[in-house]
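Here are my notes for your first read-through. Please keep the structure open beside them and check each point as you go.

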Amino acid sequence: MNGEKLTPQEISKIEIRELAPEKPEKIEEDFKRRMGIENIEGKELNYKDKIFVKGFDKAMEVNISNEVVLNNFIGCFGKELIRNLGHDKIKIQKANNFIIEPPLEYIEEPRKIDELHKIVKRFKDLRRISANILATSNKITYEKVEAILEGKERDQIKHICKRRATGGRINGQLFLVIYNFDPEAKNIDQFDYLKELNIDDEKKRKIYLLSTIAHEFAHELEALTTKENTETPSQYLDISQEEIIRIMDEYATIVDSEFSSKREKFVSDYVLGRERAGNIKSSLYGDDFTETLRIYFSNANYLNKNYPKRYAFIKKYFPLFNENFILKNVGG
Ligand SMILES: [Zn+2]
């Protein structure tokens, strides 16, 4: 580097390289660190050496067991689907972490890159788990960082940089990870499909958590439509990849044509928020589908009433998925 001072972009590049280890045995370790799941406490619950659930009994937002999470997952998608899983293992985990994804300019604009470096330096319990993703288990730190990134006071933040959950694959394993959702849990009626339910808030928080897992897993189905996708196996369903692509094209025409009085477009505010944050169109259609499934499991009546085409679509093409399963499971 001939002794010159590095630009912030160059520093960022070096960091990315350092995060990608040369040693293969370190890859899984590195993957877990990037996912924010390096140290999840507690026992792991196992279903037929296929599905592994961990960390939910330690969740601070809701009182739920790993058993409920496991049974719920199988109950929603059906044993047939689980049996045909192409992944060697599915690991469903609750991480005690807040994950923050700063807006794109923080990895693109030199001045902003610099600013992000300073933020990371300033908070001792804030970790940079990849070039543009930060993690902390401290709620106060999370709120302070979010406030800086949003340019608001701490009590005014909208949590727009907060990541709720993520899915990732490595070595034949699919990880579905749920992060801390304290802000969502405290304001659970922000989700209109939950608000309409005549049940207590604790049950709504359980539905939110369980349906977030369903949302993440539904991305696996939706990902089958990506032609380049070689890692996601297509034996989830008894149909060809061509047929799945056709089905999802049909879904896209529904998204374009079905609107309700609830919002200008899309099936939930979450998808609308992602559009405003600048996400690409194809990923918005994917998230609309995964949100539709979330609602189908949580409050199918809401879906049928406000988005009847989407409801009919799920019933037609995914008949083994169990309508309202989550709602019934929490005793709603
Ligand atoms: Zn999603």
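1. **A helix crossing.** This is a predicted model. Start with two of its helices: H10 passes H13 in a right-handed crossing. H10 covers residues 201-223 and H13 covers residues 281-298. Their axes come within 8 Å and cross at roughly 135°. How do H10 and H13 lie to each other? They are oblique. The reasoning is short: an angle over 145 degrees would count as roughly antiparallel, and one of 65 to 115 as roughly perpendicular, so roughly 135° fits neither class.

2. **Who makes the contact.** From H10 come Ile207, Ser211, Ala214, His215, Ala218, His219 and Glu222. From H13 come Gly286, Phe289, Thr290, Glu291, Leu293, Arg294, Phe297 and Ser298. What kinds of residue are in the contact of H10 with H13? Six are nonpolar, six are polar and three are charged.

3. **The sheet.** Now find the open sheet of four strands. Its order is S5-S6-S4-S7, and the pairing is antiparallel. Which strands stand at the edges? They are S5 and S7 (162-163). Each has a single partner strand, so one side of each is left without a neighbour in the sheet. As background, strands of a sheet pair through backbone hydrogen bonds.

4. **The hairpin.** Look closer at S5 (residues 127-130) and S6 (residues 133-136). The two strands run antiparallel, and three bridges join them. A hairpin through two residues connects S5 to S6. Trace two of the pairings yourself. Arg128 stands opposite Leu134 in S6. Ser130 has Ile133 of S6 as its bridge partner.

5. **A helix on the sheet.** H7 (residues 139-150) lies across S4 (98-100), S6 and S7. Against S4, H7 runs at about 20°.

6. **How far to trust it.** The mean pLDDT of the protein is 87, and 86% of its residues reach 70 or more. Which element has the lowest mean pLDDT, and which the highest? H1 (residues 8-19) has the lowest, at 47, and H14 (residues 300-306) has the highest, at 98.

7. **Two stretches to treat with care.** Over residues 11-19, pLDDT stays under 50. The model has nine contacts for that stretch beyond four places in sequence. Residues 229-234 also have a pLDDT below 50. Beyond near neighbours in sequence, residues 229-234 have nine contacts in the model. Where pLDDT is low, the predicted coordinates should not be read in detail.

Conventions: Residues numbered from 1 in each chain as written. Predicted model: local features only at pLDDT ≥ 70, side-chain atom pairs only at ≥ 80, totals over all residues. Axes fitted to C-alpha atoms, helices over the stretch in contact; angles between N-to-C directions. Parallel < 35°, antiparallel > 145°, perpendicular 65-115°, else oblique. Left-handed = near helix turned anticlockwise from the far one by under 90°. Contact = placed C-beta atoms within 7 Å. Nonpolar A, V, L, I, M, F, W, Y, C, P; charged D, E, K, R; others polar. pLDDT = per-residue confidence, 0-100. Pairing = 2+ DSSP bridges.
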